[in-house]
Amino acid sequence: TTVRQRSVISPDYVRSSSVERSITAARTRRTWAVIVLSIVVVILAPLVLLAPLPALVSWAANVQMWATGGLGAAVALALVLIPRQERLPSARIAPRLAAAFVLALTALWFARVLEAWAVIGIAATVAAALTVVSALALGRGWRSVRWSRTADSVESLMVALAPALGLLAAGALAWLRLLASG
């Protein structure tokens with residue numbers, strides 16, 4: 001507060017209906033935000049990951065190409081980890097479906113760049129097996145504070161890296177080099 005601002009007088013009592021209405025509105029708003037974010041990711045991922053590869057004429061184009069793959073992996077991993085704290089099923093399922101779609105497109109991108117379809121197939125099989133094993137463990141009630149904190153750290157790192165990788169994938173480095181060269 002500032003010196004000239006009047007202090008807010010707290011009410012003597014709070015009605016439970018107003019609290020419930022506020023909580024319901026906040027949950028609804030958050031759920032719709034997660035669903036809209038997932039839809040936006042599903043719409044934009046093919047535009048980024050299935051775009052033609054840049055001509056590798058400079059190191060900036062090489063950085064742009066690899067940043068595209070890194071962006072796909074970072075977004076997929078963040079979308080898998082973010083909904084861990086959500087209570088509503090729609091807020092948990094929508095980002096994970098979007099993550100599966102982005103992960104599939106990222107695997108196609110790596111297969112196209114590396115020209116190693118067999119390696120991508122083996123990696124997808126191993127990832128599917130790890131998913132089934134971890135889903136069974138979590139379904140049986142297995143929890144680990146250490147793995148939860150590790151997931152929190154990875155989630156934070158991926159959310160922080162995604163905008164930077166997005167700028168690099170869009171060609172910002174080549175554009176800055178062009179701007180600097182006159």
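In the predicted model, Ala164 has a relative accessibility of 40% and therefore counts as partly exposed, since the partly exposed class falls between the 20% limit for buried and the 50% limit for exposed. Ala164 belongs to helix α5. Along the chain, 97 residues separate Ala164 from Ala67, yet the C-alpha atoms of the pair are 8.9 Å apart.

A second position in helix α5, which covers residues 145–169, is Glu155. With a relative accessibility of 14%, Glu155 is classed as buried, because the limit for that class is under 20%. Once residues up to four places away in sequence are set aside, the contacts of Glu155 are Leu81, Ile82, Arg84 and Gln85. Helix α5 thus supplies both a partly exposed alanine, Ala164, and a buried glutamate, Glu155.

The chain as a whole contains six helices and zero strands, and the order of elements from the N terminus is α-α-α-α-α-α. Its radius of gyration is 22 Å, whereas the globule rule gives 16 Å for 182 residues; the chain is therefore more spread out than a compact globule. The C-alpha trace extends over about 70 × 55 × 30 Å along the principal axes. Of the 182 residues, 23% are buried. The accessible surface amounts to about 13100 Å², and carbon and sulfur atoms account for 69% of that area. The chain carries 17 positive and 6 negative charges, and the mean positions of the two sets lie 1 Å apart.

Contacts between residues at least 6 apart in sequence were also classified by separation; 76% of them join residues at least 24 apart. Several individual positions illustrate how helices meet in the model.

Gly69, in helix α2 (residues 59–81), has a relative accessibility of 0% and so counts as buried. Apart from neighbours within four places in sequence, Gly69 is in contact with Thr106, Trp109 and Phe110. The C-alpha atoms of Gly69 and Arg87 are 31 Å apart, with a sequence separation of 18 residues. Thr106, one of the contacts of Gly69, is located in helix α3, which runs over residues 89–114. Thr106 has a relative accessible area of 4% and is therefore buried. With residues up to four places away excluded, Thr106 touches Leu49, Gly69, Gly72 and Ala73.

Ala98 is also placed in helix α3. Its relative accessible area is 2%, so Ala98 is buried. Beyond four places in sequence, the contacts of Ala98 are Ser38, Val41, Val42 and Leu79. The distance from Ala98 to Val40 is 9.2 Å, C-alpha to C-alpha, across a sequence separation of 58 residues.

For helix α1, the position examined is Leu44. Leu44 counts as partly exposed, with a relative accessibility of 44%. Leu44 and Val102 are 58 residues apart in sequence, and their C-alpha atoms are separated by 9.6 Å.

Confidence in the prediction varies along the chain. The mean pLDDT is 83, and 94% of residues reach 70 or more. The highest confidence is found in helix α1 (residues 16–49), with a mean of 91, and the lowest in helix α4 (residues 117–139), with a mean of 72. Predicted coordinates should not be read in detail where pLDDT is low.

Note on methods:
Residues are numbered from 1 along each chain as its sequence is written. This is a predicted model: local features need pLDDT of at least 70, side-chain atom pairs count only at pLDDT 80 or more; totals for chains, interfaces and linings use all residues. Side-chain values use heavy atoms; hydrogens and water are left out. Helices (H or I, at least four residues) and strands (E, at least two) are DSSP runs, numbered from the N terminus. The radius of gyration is taken over C-alpha atoms; the globule rule is 2.2 Å times the number of residues to the power 0.38. Buried means under 20% relative accessible area, exposed over 50%, partly exposed in between (1.4 Å probe, protein chains only). Contact means heavy atoms within 4.5 Å. Accessible areas come from the Shrake-Rupley method with a 1.4 Å probe; for residues, only the protein chains shown count as cover. Lys and Arg count as positive and Asp and Glu as negative; His and the chain ends are not counted. The place of a charge is taken as NZ of Lys, CZ of Arg, CG of Asp or CD of Glu. pLDDT is the predictor's confidence in each residue, from 0 to 100.
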